[in-house]
Amino acid sequence: MKILHTADLHLGQIIYQNYDRSDEHRHFFLQLERWCKEEQPDALLVSGDVFDIQQPSATVKKAFNEYFVHLHHVCPQMCIVITAGNHDSASRIQAENSVWKLANAHLIGTPPAVDSLEKTDALSRSVWQDRYIIKLNCGYIVALPYMSGERKGIIQSILDKVAEYNISGLPVVMMAHQAVTGLDVTGHGFDIGTLRTLDVESMGNGFDYLALGHIHKPQTISHQEDAMAKVVSYPSPVIRYSGSALHVSCDEAYPHSVSLVDIDRHNGMVQIRQLRIDEYRHFYVLPIDGTSFSSYENALETMKAFVEEGERGYIRFRFDVNTDLPANFNQLVYDALQPYNEEWRYNPKVLWTGINEAKASKKEDLVFEVAELQQMTDPMMFIERTKDQYPGLDLEDVRQAFEEVKVEMERLKEEKQPSNNK
């Protein structure tokens, strides 16, 4: 069984509140098309976060349709399986499943209900499991979308159903959009301790390859030393993150790839080849040599010389924390890059290094009135007032974290509502 495994497309992403990335996604799909033609896989798996937001624009949805319809025409015998991630709307993904089956594609959005194992009717027990099992001539795919919380019993029940069907010993692949123990979150902007992870054991047993999404760094769990190896083989079961299609931030300073996976048989050997993605725009932190600027004039001059010598990319600055930046510094950068028609783009999140000498010698005690605290209905109000107490705190990252919490709460509400996963 041969599969192409990718995840975290984040179609429609607007990066740094300003830049559309549609040309970067177009460049990625051209490479994906070439790999489909060359490798003729049995299946293409997209393990969640197809879109960057739950309600993508009509333009983004049109691009999604065109990309995957074209891949179907290029490789019509290839089964396409797409599952919803935490950035996607589960119900919206699921709603289009019936139509996409006409193009040999399966869109699985809504997860199994929490009470699935409590169903007593024999027919109901069989039907809900079969919704997540895709049978190919060469093997089985268990397509699980993002699920809030641990559901080990539900997952194992589906894998047990596959085992009943799999009398020929065909390969079994499972998809999931989860963070599991043993992962490397380099580039994500948060520590493992703040990320809700599931024990690997909670993903059940009976699969040969677990095609994961959610974490953007390509890696194989329990084989981190081989994270960047181009060709490796392991005995099943193998658990792997393909990584994201694009560098979603400049902190993801490692190669991104699509995983080409060959499985000889159930409980056999799994070979993984990393197909390195050529990013349309690379991310650069200036100065390139790893030092820090101590004057904004030097930073601007260095940037101008750097972009003159290159094609395109994203620029970010590293400054010594004691450097004074003018209030219009960002505008000066935007003005300098304007002639390049967004081929060169600016990340306004400055990397600060060193110790702030002024603040190190003076620490103010913050005092809040009770009434003042009661009026702070948004936690960001308190954080913004106390930001000077936390050197290096990135307010934009904190805001994004709160937005993700809101999205998660909405998803929990959605999962509690009755659904018809036909």
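## Two sheets, a helix pair and a loop asparagine

The backbone oxygen of proline 76 sits 3.4 Å from a polar atom in the side chain of asparagine 104. That is a nice place to start in this predicted model. From there, the briefing moves to a sheet of 7 strands, a sheet of 6 strands, and the pairing of helix 7 with helix 8.

**Around asparagine 104**

- You will find asparagine 104 in the loop that links helix 4 (97–100) and strand 6 (105–108).
- Asparagine 104 and proline 76 are 28 residues apart in sequence, yet their C-alpha atoms are 7.5 Å apart in space.
- Leaving aside residues up to four places away in sequence, asparagine 104 touches His72, Pro76, Gln77, Met78, Cys79 and Ile80.
- The relative accessibility of asparagine 104 is 25%, so this residue counts as partly exposed.

**The sheet of 7 strands**

- The strand order in this open sheet is 6-5-4-1-14-15-12, and the pairing is mixed.
- Strand 6 and strand 12 (231–235) are the edge strands, each pairing on one side only.
- From one strand to the next, the twist averages 20°.
- Strand 1 (residues 2–6) and strand 14 (residues 257–263) run antiparallel and are joined by 4 bridges; isoleucine 3 has valine 261 in strand 14 as its bridge partner.
- Helix 1 (residues 22–39) packs on this sheet, where it touches strand 1, strand 4 (43–47), strand 14 and strand 15 (269–276). The direction of helix 1 makes about 170° with that of strand 1.
- Helix 2 (residues 58–74) lies across strand 4, strand 5 (79–83) and strand 6, at about 150° to strand 5.

**The sheet of 6 strands**

- Here the order is 7-8-9-10-13-11, again in an open sheet with mixed pairing.
- Strand 7 (133–136) and strand 11 (219–220) each have a single partner strand, so one side of each is left without a neighbour in the sheet.
- Strand 7 runs antiparallel to strand 8 (residues 139–143), with 4 bridges between them; leucine 136 stands opposite glycine 139 of strand 8.
- Helix 6 (residues 152–165) packs on the sheet against strand 7, strand 8 and strand 9 (172–177), its direction making about 165° with that of strand 8.

**Helix 7 with helix 8**

- Helix 7 (residues 296–309) packs with helix 8 (residues 329–337) at an angle of about 20°, and their axes are 11 Å apart.
- The two helices are therefore roughly parallel, and helix 7 passes helix 8 in a right-handed crossing.
- Tyr296, Leu300, Met303, Lys304 and Val307 of helix 7 meet Phe329, Leu332, Val333, Ala336 and Leu337 of helix 8.

Technical notes:
Residues numbered from 1 in each chain as written. Predicted model: local features only at pLDDT ≥ 70, side-chain atom pairs only at ≥ 80, totals over all residues. Heavy atoms only, no water. Pairing = 2+ DSSP bridges. Contact = heavy atoms within 4.5 Å. Axes fitted to C-alpha atoms, helices over the stretch in contact; angles between N-to-C directions. Buried < 20%, exposed > 50% of the residue type's maximum accessible area, 1.4 Å probe, protein only. Polar contact = N/O pair within 3.5 Å; in protein donor to acceptor, adjacent residues only side chain to side chain. Parallel < 35°, antiparallel > 145°, perpendicular 65-115°, else oblique. Left-handed = near helix turned anticlockwise from the far one by under 90°.
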